[in-house]
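Below are some comments, set out as numbered points, that may help when reading the structure alongside its sequence.

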Amino acid sequence: MRFFIFLAAAFALSACKQNVELPSLISPYRIDIQQGNVVTQEMVSKLKVGMTRSQVRFVLGSPLVTDMFHSDRWDYVYTMQKQGKPEERRRLTVIFDGDKLATLEGDVVLSDKALEPPPAPKAPSTITISSEPKPTPKEEAAKAAAAKAEAAKAAAAKAEAAKAEEEKAEAAKAEAAKAEAAKAEAAKAAAAKAEAGKAEAAKAEAAKASATKAEAAKADAAKADATKAEAENAEADKADAATADTAKADAAKADAAKTDAAKADATKVDPAKADAAAADEKKDPPKRGTFGRMLDKIGF
């Protein structure tokens with residue numbers, strides 16, 4: 001069975017190889033190739049004389065080709081290649097006067113008459129007699145193919161330039177995003193540092209307030225202790241004074257008791273003398289005081 005299959009495949013390959021008309025009938029599928037800027041009639045209808053570059057860019061998009069030596073000229077090129085159909089090409093040239101839109105040129109229908117370029121001056125009619133032979137159709141075709149190749153080459157160069165510009169713009173955008181991210185990180189770090197500084201300052205203030213409070217409590221305790229010591233000292237002084245007063249009173253009492261006892265003894269020993277003394281005292285009271293009278297009674 002495998003042998004028959006191999007044999008049939010070999011016959012098929014040999015038949016395909018011998019038939020020269022088969023490749024023209026069967027061709028591989030090719031996708032539609034679209035390149036450049038898609039510019040529609042609706043987009044062109046929105047353009048007005050005097051619009052700024054940013055407004056034109058907003059309507060048509062970024063130009064495919066920009067020439068640094070002709071900054072007032074933007075070229076929009078569009079190509080569409082479909083299988084089995086001739087290549088479709090469109091071109092639109094936007095010309096500025098400073099920063100304002102002046103005219104449009106290319107394969108579009110202008111809705112604003114002010115955008116139409118001024119007509120070129122007519123050259124005087126002259127009759128020229130050419131001595132060169134008329135080119136053959138083959139030469140004309142070769143010349144057209146060469147012009148087409150040059151145009152394709154120029155379009156490819158413009159596309160490469162546009163691609164390079166886009167890559168450059170993307171790189172610049174990435175660098176700007178990176179710089180913004182770095183700036184945001186720096187701002188975030190600065191904010192975190194400021195928050196940490198604030199927290200440290202608050203902590204220091206709290207510690208200072210606690211220390212001040214502790215010092216105040218300590219001073220109040222010392223003051224209370226001093227007041228207590230003063231009160232205790234006052235109480236001790238008061239107690240000492242009371243003790244001294246008591247001792248003094250006891251001494252006075254003892255002296256009075258002694259005096260009374262001596263007086264009683266003197267009275268008992270010499271009643272007559274006492275009576276005489278009493279009589280004398282009545283007659284002539286002594287002027288020496290209580291102590292002198294006591295001495296007189298004793299016999300001094």
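**Notes on surface patches, salt bridges and overall make-up**

1. The residues Glu160, Glu166, Glu167 and Glu170 together form a negative patch on the surface. It should be kept in mind throughout that the model is predicted. Of these glutamates, glutamate 160 is placed in helix α5, which spans residues 137-269, and its relative accessible area of 54% makes it exposed, because a residue counts as exposed when that value is over 50%.

2. A nonpolar patch is also found on the surface, made up of Tyr29, Ile31 and Ile33, which together have about 370 Å² of accessible area. Isoleucine 31 sits in the loop that runs between α2 (22-25) and β1 (33-36), and with a relative accessible area of 60% isoleucine 31 is exposed.

3. How many salt bridges does a search of the whole structure find? The search gives four. As general background, side chains of opposite charge can pair when their charged atoms come close.

4. One of these salt bridges is formed by arginine 53 and aspartate 72, whose closest N and O atoms are 2.9 Å apart. This pair links distant parts of the chain, since arginine 53 belongs to helix α4 (residues 53-60) and aspartate 72 to strand β3 (residues 70-81), with their positions 19 residues apart along the chain. Are the two partners buried or partly exposed? Arginine 53 is buried, with a relative accessible area of 17%, whereas aspartate 72 is partly exposed, at 35%.

5. Another salt bridge joins arginine 73 to aspartate 75, and here the closest N and O atoms are 3.3 Å apart. Arginine 73 counts as partly exposed, with a relative accessibility of 34%, while aspartate 75 has a relative accessible area of 9% and is therefore buried, the limit for that class being under 20%.

6. Arginine 90 and glutamate 88 also meet through their side chains in a salt bridge, with an N to O distance of 2.9 Å. Both partners fall in the partly exposed class, arginine 90 at 34% relative accessibility and glutamate 88 at 33%. Elsewhere, Arg53, Asp72 and Asp99 are joined into one network by salt bridges that share partners.

7. Turning to the C-terminal part of the numbering, leucine 295 lies in helix α7, which covers residues 289-298. With a relative accessible area of 22%, leucine 295 is partly exposed. The C-alpha atom of leucine 295 is separated by 9.5 Å from that of lysine 263, although these two residues are 32 residues apart along the chain.

8. As for the overall make-up, the secondary structure of the chain comprises seven helices and five strands, and when read along the sequence these elements follow the pattern α-α-β-α-α-β-β-β-β-α-α-α. Among the contacts in the chain with a separation of 6 or more, 47% are between residues 24 or more positions apart.

9. On exposure across the chain, buried residues make up 12% of the 300 residues. The accessible surface of the chain comes to about 24,200 Å², and 61% of that surface belongs to carbon and sulfur atoms.

Technical notes:
Residues numbered from 1 in each chain as written. Predicted model: local features only at pLDDT ≥ 70, side-chain atom pairs only at ≥ 80, totals over all residues. Heavy atoms only, no water. Patch = residues over 30% accessible without salt bridge, like charges linked within 9 Å, V, L, I, M, F, W, Y side chains within 5 Å. Areas by Shrake-Rupley, 256 points an atom, 1.4 Å probe, with all protein chains shown as cover. Lys, Arg positive; Asp, Glu negative; His and termini not counted. Charge placed at Lys NZ, Arg CZ, Asp CG, Glu CD. Helix = DSSP H or I, 4+ residues; strand = E, 2+ residues; numbered from the N terminus. Buried < 20%, exposed > 50% of the residue type's maximum accessible area, 1.4 Å probe, protein only. Contact = heavy atoms within 4.5 Å.
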